[in-house]
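Colleague: I have a model open on my screen and would like to go through it with you. Could you tell me how each label is earned?

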Amino acid sequence: MIDPVFALDLIKILLVLIVLSAALIITRRDFIALTSLYAAQSFLIVLLSVGLFAIDRNPLLLIIAAITLLSKVVIIPFILTKVQRRLKMKREIEFSHLSPIGAILLAVVAFFFIYALFSGILSGLDKGVLSTVVSLAICLVFMGLIIIFTRKQTITNVIGYLTMENGVLLFSLFVAELSLLIEVLILLDLIMLIVLVALMAFGIDSSIEEFHSQLNVLDRWLGREQR
Amino acid sequence: MIATLAYLALGLLLLPALAPLLAFLKDGRAGRKAFLTAIGIAALLLTALAAYVLYTGTQLLLPLYDLAPGLGLTLLVDRLSAFFILIIAVVAFAVAIYSAGYVEHLKSPVRKNLLIALMSIFVLSMVLVISAKGMVGFLFSWELMSLASFLLVNFEYEKKGTRKAGLYYLAMTQLSTVFLIAATGVIYAQTGSFDLQRVAFSSPFWASLAFLFAFLGFGIKAGIVPFHKWLPYAHPAAPSNISALMSGLMIKVAIYGLVRFLLTVLPPGPVWWGILLLTAGTVSAILGVIYALKEHDLKRLLAYHSIENIGIIVMGLGLFEIFSAAGLHAVALLALGGALFHTLNHALFKSLLFLTSGSVLNATKTMNIERMGGLSARMPGTAALFLIGAVSISALPPFNGFVSELMLFEAFFQAYLLASPYLQMLLVIAFSVFALTSALAAACFVKAYGVVFLGVPRSKEAKEAKEAPRSMLAGPAVLAALCIVLGLFSFQLFAIAGFSFPVPDLLVVGLLLLAVYALTAFALRNVGKRRTCETWSCGYPSAGSVAEYTASGFSEPIIRIFDAIFLPKLTVEREYHDGQKALFKRGTAEMRLMRFFEEYLYDPVARAVEKAAAFVARLQDVDLDLYVAYIFVSALLLIIVARFLI
């Protein structure tokens with residue numbers, strides 16, 4: 001098996017790559033790239049779980065890796081691609097509140113403060129990788145938030161939520177109880193799948209706000225239809 | 001044994017909370033009587049318990065319930081709590097007897113049951129506030145008391161104005177809780193404990209901050225001017241037995257809080273604490289009585305007198321602080337004794353007055369005293385009881401009100417002992433205002449008693465009024481008897497409690513007065529020519545109620561003197577047929593007294609709150625993206641703040 005020291009280095013490299021993938025998600029506009037980046041990010045987490053297994057020897061980590069691989073690397077990206085094809089949109093054109101450049105700058109600021117806080121608190125504890133992991137995981141959650149509020153299209157918002165979820169997953173891999181994590185993971189993936197299926201079924205081809213007005217039957221009766 | 005007694009009393013007080021279940025019975029009258037009896041027995045048990053603690057000076061520790069580890073609801077009854085429990089128990093006992101008759105006047109059985117349930121919860125919550133060992137239990141019971149009283153104020157919610165009174169009350173009472181939580185926060189930050197014990201503050205600033213928060217919190221609840229506006233709305237809106245509990249007891253619970261903080265929680269304070277209390281008390285006393293003078297709604301008149309009397313009590317506390325700061329402990333104790341005794345006395349005579357005015361309301365169906373008159377012939381028992389209350393509140397010897405006010409006057413007389421001439425001047429001014437207050441209170445009750453009970457009836461309802469049922473006389477009679485006993489035997493009672501205050505032995509004074517009254521009555525009956533005519537008809541043969549002295553007429557000269565305070569406001573609106581304003585079409589003119597505090601304090605604050613609310617509403621009415629951005633910004637700010645804190 002792999003040498004634990006090597007595994008630890010590998011984990012650090014993987015962590016950096018995960019954050020890099022999130023940064024790329026913030027800046028990219030085309031949907032195909034976004035989906036691929038998300039799949040890649042999830043795959044990195046799979047590798048991370050396997051790396052951790054090399055150190056901890058906890059079989060639950062392998063189960064988590066398997067679930068993540070199946071749901072986040074295969075099924076969700078597959079459905080996302082399907083949705084995109086149906087929507088016939090290739091790029092995100094409008095942004096709300098911040099441009100991608102502003103968004104990535106904001107992410108850098110957030111990263112700085114998060115790292116400053118958690119390295120201060122956690123540096124005294126264990127092997128040193130923990131403070132990095134916690135900072136990066138929380139940073140991933142924040143980056144997911146940035147994606148959600150800077151993009152208008154529902155499909156990109158979904159990717160934002162998924163990135164946040166990856167952050168939570170990353171955090172829990174190191175900190176939380178593993179058996180509980182598996183249950184949460186499956187639940188969250190199910191929710192995401194339902195949202196995506198809803199997207200396909202109802203054909204939300206733009207933002208949530210506009211979809212609301214479509215749902216409002218009363219408005220249609222009264223002739224106040226907005227679309 | 002004593003602890004079992006206490007638990008039993010609390011259990012009995014909680015029992016009537018089940019009263020709404022009586023709705024399942026065909027006739028719940030017997031059940032209601034049983035529940036009211038439970039309240040009465042609980043009150044008697046509490047009286048015994050309080051008397052025991054007061055007499056022996058023992059402390060009683062009663063663990064009740066743990067809300068969470070470290071946040072226990074534990075009761076601790078010491079002499080101060082016991083004194084206030086005694087007040088609550090005595091008044092609750094009288095009100096329970098009165099309610100047996102009063103409740104049956106309500107129309108729906110559901111209401112009758114509900115009133116008893118809420119009443120018992122209200123009384124229980126007050127007992128819990130007063131015996132709470134720590135601030136957590138105190139605030140918990142305080143909120144219970146506020147909510148119970150809010151529901152009781154709203155009890156007749158379908159009546160015009162009641163819901164407004166209820167909301168007004170709720171807003172003010174919650175504001176008071178906010179300040180109390182702030183005071184708790186300061187104390188916790190200094191000690192790390194929620195216990196109501198002496199706090200060693202790290203600097204005088206924190207002590208003064210805790211005092212200010214406590215003063216505001218308790219001041220709002222006690223109805224100190226300018227936080228008093230809720231009181232004349234809320235107290236009259238509630239059913240009369242509840243008005244008696246609210247005016248007689250609830251505002252005293254706030255006084256308890258203030259005394260508890262001053263005596264056992266806060267360290268001896270700087271002199272400005274006393275000055276603040278004295279000033280607030282003086283302003284409350286004089287404004288309370290002046291507002292009462294122009295009031296023609298009997299219950300509202302009584303509510304304004306509550307503000308006046310709370311003012312007198314707070315004046316006593318102010319004197320206590322001022323003399324304590326000057327090291328004059330004997331005088332300080334006299335002032336504190338006067339304030340506490342007045343608290344007890346006011347609870348007794350104000351409950352008595354509210355209960356008897358409730359009987360009047362039931363008999364005449366109106367609270368407007370201009371529509372009453374001649375009730376002493378129709379309701380002699382109620383009239384006699386009201387008279388005892390009126391004489392007591394007017395501080396006439398040998399009744400209890402006289403003794404407590406005399407003690408405060410005596411404390412004022414010692415102003416010359418103070419070193420600072422400014423303080424002396426302040427005390428002399430406050431003293432003069434206090435004297436004026438007492439005189440005006442007497443004038444006001446001459447008006448109230450004279451217009452309500454004497455003369456001839458001014459309305460059909462007053463003419464047809466009938467005496468209240470026996471229980472509605474027995475309840476107030478207990479209080480009236482206590483008013484007399486506490487007055488006549490005040491000297492002896494103080495001696496039993498171990499205090500030697502310089503008060504005259506009123507038993508002797510009382511006997512002398514009785515002899516003088518008897519002689520005068522005898523002389524009037526037997527010497528010279530007599531002509532009998534109606535009161536207020538100035539010796540002329542009766543010309544009916546229209547020729548009578550009205551309440552407005554009686555108070556008009558006094559109101560004229562205090563014109564500058566009432567500030568009458570004239571608004572005239574005219575409409576014209578033409579643009580040149582030559583041909584008058586119609587117009588309205590309205591003259592009303594300016595609501596100073598509402599127009600210059602409450603309304604601006606309300607407008608500011610509304611503006612803030614509009615700003616928040618603008619923040620709220622946005623799209624989903626911005627909501628997520630809010631979360632992002634708040635979380636990031638939290639992290640930044642945490643970075644600098646840790």
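Colleague: How many residues of chain A are in contact with how many residues of chain B, and what makes a pair a contact?

Modeller: Two residues are in contact if their C-beta atoms, placed from the backbone, lie within 7 Å. By that test, 16 residues of chain A touch 14 residues of chain B. Do keep in mind that this is a predicted model, where local features need pLDDT of at least 70 and side-chain atom pairs count only at pLDDT 80 or more, while totals for chains, interfaces and linings use all residues. Residues are numbered from 1 along each chain as its sequence is written, and chains are lettered from A and ligands numbered from 1 in the order in which they are written.

Colleague: Which helices of chain A supply at least two residues each to the side that touches chain B?

Modeller: They are H4 (100–122), H5 (129–150) and H8 (208–215) of chain A. The largest share, seven residues, is from H4(A). Helices here are DSSP runs (H or I, at least four residues), strands are runs of E with at least two, and both are numbered from the N terminus.

Colleague: What makes the residues on that side of chain A nonpolar, polar or charged?

Modeller: Ala, Val, Leu, Ile, Met, Phe, Trp, Tyr, Cys and Pro count as nonpolar, Asp, Glu, Lys and Arg as charged, and the others, Gly among them, as polar. Sorted this way, the side of chain A that touches chain B has 12 nonpolar, three polar and one charged residues.

Colleague: How do you know that the length of H2(B) agrees with its number of residues?

Modeller: The expected span is 1.5 Å times one less than the number of residues. For the 28 residues of H2(B), residues 29–56, that gives 40 Å, and the end C-alpha atoms are 40 Å apart, so the two agree. Just after H2(B), Gly57(B) has a positive phi of about 75 degrees.

Colleague: Why is Lys581(B) called exposed, and what is Lys365(B) called?

Modeller: A residue is buried if 20 or more other C-beta atoms lie within 10 Å of its own, exposed if 12 or fewer, and partly exposed in between, with C-beta atoms placed from the backbone. Lys581(B) has 10 such atoms, so it is exposed. Lys365(B) has 13, so it is partly exposed.

Colleague: What makes the phi of these two lysines worth a look?

Modeller: Most residues other than glycine have a negative phi, and most peptide bonds are trans. Yet phi is positive in Lys365(B), near 60 degrees, and in Lys581(B), about 60 degrees. Lys365(B) lies in the loop between H12 (329–364) and H13 (375–378) of chain B, and Lys581(B) in the loop between strands S3 (568–576) and S4 (584–593) of chain B.

Colleague: Where are the cis peptide bonds from Val225(B) and Pro397(B), and what omega do they have?

Modeller: The bond from Val225(B) to Pro226(B) has omega near 10 degrees, and Pro226(B) is in the loop between H7 (204–222) and H8 (230–237) of chain B. The bond from Pro397(B) to Pro398(B) has omega near 5 degrees, with Pro398(B) between H14 (380–393) and H15 (400–413) of chain B.

Colleague: Chain B has 24 helices and four strands. How do you know that chain B is as compact as a globular protein of that length?

Modeller: The globule rule is 2.2 Å times the number of residues to the power 0.38, and the radius of gyration is taken over C-alpha atoms. For 646 residues the rule gives 26 Å, and chain B has 26 Å, so it is as compact as a globular protein of that length. Of those 646 residues, 48% count as buried.
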